[in-house]
Amino acid sequence: MLLRSLFTVLLTLTASLAFSQTPVFTHQDTLRGAITPERAWWDLAYYHLAIKVNPADSTIRGVNTIRYKVLAPKQVMQVDLQQPMAIEKVMQNGKELTYTYDGNAWFIQLAAPQKAGEVNSVDVYYGGKPQVSKNPPWSGGLTWKHDAQGNPFAATSCQGDGASLWWPCKDHMYDEPDSMLISVTVPEKLMDVSNGRLRKVDQNNDGTKTYHWFVSNPINNYGVNMNLGDYVHFSEKFKGEKGLLDCDYYVLRGDESKARKQFKEVPRMLAAFEHWFGPYPFYEDSYKLVQVPYLGMEHQSSVTYGNDFKNGYLGRDLSGTGWGLKFDFIIVHESGHEWFANNITYKDIADMWIHESFTAYSENLFLDYYYGKEASAAYVIGTRANIRNDRPIIGYYNVNNSGSGDMYYKGANMLHTLRQIVNDDEKWRSILRGFNKDFYHQTVTTQQIENYLSQHIGRDLSPVFDQYLRDVRIPELEYQLAGGKLSYRWANTVTGFNMPVKVTVNGKEKWLTPTTTWQALPGVPKGATFKTDPNFYVTTTRATTGGTK
């Protein structure tokens with residue numbers, strides 16, 4: 001007991017020390033992560049990204065047309081493109097513009113007066129050999145490989161590191177284009193699969209083809225992708241809440257039979273998530289699942305897949321309970337992001353938990369839909385073994401900094417805990433569906449999400465969010481059974497923590513609303529037992545001193 005207590009103290013001190021050490025951020029971090037004056041004056045309306053990809057030398061060359069609405073009469077526009085890629089020229093109204101750059105931020109001097117309310121456009125020509133991802137999808141860049149027949153097999157992934165790794169854009173999440181056209185030219189033996197719907201394919205006279213994909217909905221920058229391969233295509237229609245949804249699948253030629261079997265998971269996923277979250281948010285753009293040479297990613301309407309056609313996470317159960325082998329982790333998790341990431345998108349990557357916590361939580365809701373509450377609870381509780389409590393889930397704002405990886409499993413367990421507080425499954429489902437209706441196709445902040453949950457649950461949850469999102473400690477429910485009563489309080493918490501909790505006292509379930517001050521429940525017989533409901537992400541300790549008198 002003493003050794004365990006000492007270990008707990010040391011762990012808390014280590015975590016607190018890590019928490020107190022603010023990272024050092026650079027000027028480039030601010031240029032990337034802040035809504036700079038050169039970004040703030042214009043609102044994105046539309047992109048047309050037209051590029052030619054040469055797998056032989058891993059280069060990209062092309063032009064991005066940026067259409068924008070002028071919000072204020074400024075003359076300098078920030079466009080982002082990361083080295084070693086480079087802007088070659090910028091055109092507006094047939095005139096070449098001058099520009100300078102500061103690291104990865106390019107500042108374009110607009111010649112024509114920019115008048116508030118006008119809709120203008122610039123053409124940004126660029127090229128180079130984009131950064132190769134060292135560990136996709138966790139490090140951004142291009143992944144270049146070959147299939148079993150020696151054909152090029154390549155894909156993009158760039159969350160966090162930024163879409164500007166491979167194309168020039170307004171590389172901040174707060175602003176999204178209303179629509180986008182993606183035109184990708186590849187060698188004629190290959191196919192490009194990108195976001196949205198395929199409008200047409202041009203057969204060029206130089207041994208290449210150009211695939212034109214149109215996205216009719218707002219799209220975040222890291223959600224834009226290109227995937228190159230010798231693909232075969234098959235499809236089906238899902239009868240969903242908004243009608244028939246086109247589901248298209250693109251896999252390497254030799255993997256079609258395995259894919260046809262494994263991708264039966266897709267309509268199961270759609271049925272579960274439409275039940276919990278509401279209609280799939282991009283019926284107009286279809287749903288696609290695309291095989292890629294890395295694990296997978298949540299690209300909007302073009303979800304990428306590399307899970308080896310296995311259930312679990314590459315065949316493993318991340319919860320250690322067995323329930324994680326009942327579904328294909330990548331199909332379920334990455335598709336869950338269509339609701340939380342692509343429909344509802346964080347404004348600042350510091351709030352990345354909005355994407356990952358809700359989507360990690362979606363895994364156990366999938367299990368709930370098919371296998372019941374006990375299975376789903378066992379799964380999410382099992383994932384607690386992966387929580388590190390190393391630093392807060394929320395990162396630092398305006399510098400492109402995300403928080404702890406605990407945003408996945410700690411965030412999922414926070415949401416599972418909130419479900420217990422609601423204590424009404426239909427009400428909880430209506431809240432989750434309400435998110436996707438009330439924040440439909442919007443970028444949001446943590447404060448908006450917190451306020452929404454507090455309002456619809458009917459309780460000020462600020463201390464709860466401060467505890468789980470901004471602190472590294474696990475709430476500790478201290479109790480004492482003595483003198484015919486149960487004494488209890490919260491410890492190891494933020495100031496004002498007062499989360500209700502369900503407990504079992506001598507075999508009977510009771511709700512308590514502890515604070516950080518001792519309270520008492522009378523009428524408890526000698527020798528009574530006490531247990532905290534394991535669905536709450538807290539610890540429980542029997543105190544030997546203290547309590548009420």
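1. Let's start with one pair of residues: histidine 146 sits across from proline 152 in strand S10. The model is a predicted one, so keep that in mind as you go through these points. The pair belongs to strands S9 (residues 141-146) and S10, which run antiparallel and are held by six bridges. Together S9 and S10 make a hairpin, with five residues between the two strands. In the turn you'll find glycine 150, whose phi is positive at about 90°.

2. Stay with S10 for a moment. This strand covers residues 152-157, and five of its six residues are buried. S10 also has a partner in strand S15 (residues 226-229): the two are antiparallel and share two bridges. If you want a spot to look at, alanine 155 faces asparagine 227 in S15.

3. Now for the open sheet. It is built from eight strands in the order S5-S4-S8-S2-S1-S11-S14-S13, with mixed pairing. Strand S5 (95-96) and strand S13 (197-203) are the edges, each pairing on one side only. Strands of a sheet pair through backbone hydrogen bonds, and they can do this in a parallel or an antiparallel way. For an antiparallel case here, take strand S4 (residues 86-92) and strand S8 (residues 119-128), joined by five bridges. Within that pairing, valine 90 is opposite valine 124 in S8.

4. A few backbone oddities deserve a look. As background, most peptide bonds are trans, and most residues other than glycine have a negative phi. Going against the first habit, the bond from glutamine 83 to proline 84 is cis, with omega near 10°. Proline 84 lies in the loop between S3 and S4. Another cis bond links proline 136 to proline 137, with omega about 0°. You'll find proline 137 in the loop between S8 and S9.

5. Then the positive phi values. Serine 301 is not a glycine, yet its phi is positive, at about 55°. Its place is the loop between S19 and strand S20 (303-305). Is serine 301 buried or exposed? Serine 301 has a relative accessible area of 0%, so it counts as buried. Asparagine 506 also has a positive phi, near 55°, without being a glycine. This residue is in the loop between strand S25 (501-505) and strand S26 (508-512). Asparagine 506 is partly exposed, because its relative accessible area is 39%.

6. Helix H7 (residues 353-371) is worth tracing by eye. From first C-alpha to last, its 19 residues reach 26 Å, close to the 27 Å expected at 1.5 Å a residue. Where does H7 bend? The bend comes at glutamate 363 and is about 25°. H7 is mostly covered, with 16 of its 19 residues buried. Just past the helix, glycine 372 has a positive phi of about 100°.

7. Another glycine to find is glycine 458, in the loop between helix H11 (446-457) and helix H12 (462-470). Its relative accessibility is 64%, and exposed means over 50%, so glycine 458 is exposed. From glycine 458 to leucine 469 is 11 residues in sequence and 20 Å in space, C-alpha to C-alpha.

8. On to the open space. The largest pocket has a volume of about 1,000 Å³. It is lined by 43 residues, and the closest to its centre are Pro137, Trp138, Gln159, Met352 and Tyr408. Pro137 will be familiar from the cis bond with proline 136. Helix H2 (27-33), strand S3 (76-80), strand S19 (296-297) and helix H6 (329-336) each give at least two residues to the lining. Sorted by class, the lining holds 15 nonpolar, 17 polar and 11 charged residues.

9. Finally, the enclosed spaces. How many cavities of 30 Å³ or more turn up in the whole structure? A search finds two. The largest cavity has a volume of about 110 Å³. Its lining has 16 residues, with Arg32, His172, Met173, Ile349 and Asn400 the closest to the centre. By class, that lining is five nonpolar, seven polar and four charged. The second largest cavity holds about 30 Å³. Among the residues lining this second cavity are Leu44, Tyr47, Trp167 and Asp175. Here the split is six nonpolar, two polar and two charged.

Terms used. Residues are numbered from 1 along each chain as its sequence is written. This is a predicted model: local features need pLDDT of at least 70, side-chain atom pairs count only at pLDDT 80 or more; totals for chains, interfaces and linings use all residues. Side-chain values use heavy atoms; hydrogens and water are left out. On a 1 Å grid over the protein atoms alone, a cavity is a set of points where a 1.4 Å probe fits but cannot get out, and a pocket is an open set with protein on both sides within 12 Å along at least five of seven lines; lining residues have an atom within 4 Å of a point. Grid points are joined across faces, edges and corners, and a volume is the space filled by probe spheres set on the points. Ala, Val, Leu, Ile, Met, Phe, Trp, Tyr, Cys and Pro count as nonpolar, Asp, Glu, Lys and Arg as charged, and the others, Gly among them, as polar. Buried means under 20% relative accessible area, exposed over 50%, partly exposed in between (1.4 Å probe, protein chains only). Helices (H or I, at least four residues) and strands (E, at least two) are DSSP runs, numbered from the N terminus. Two strands pair if DSSP finds at least two bridges between them. The expected span of a helix is 1.5 Å times one less than its number of residues. The bend at a residue is the angle between axes fitted to the seven residues ending there and the seven starting there.
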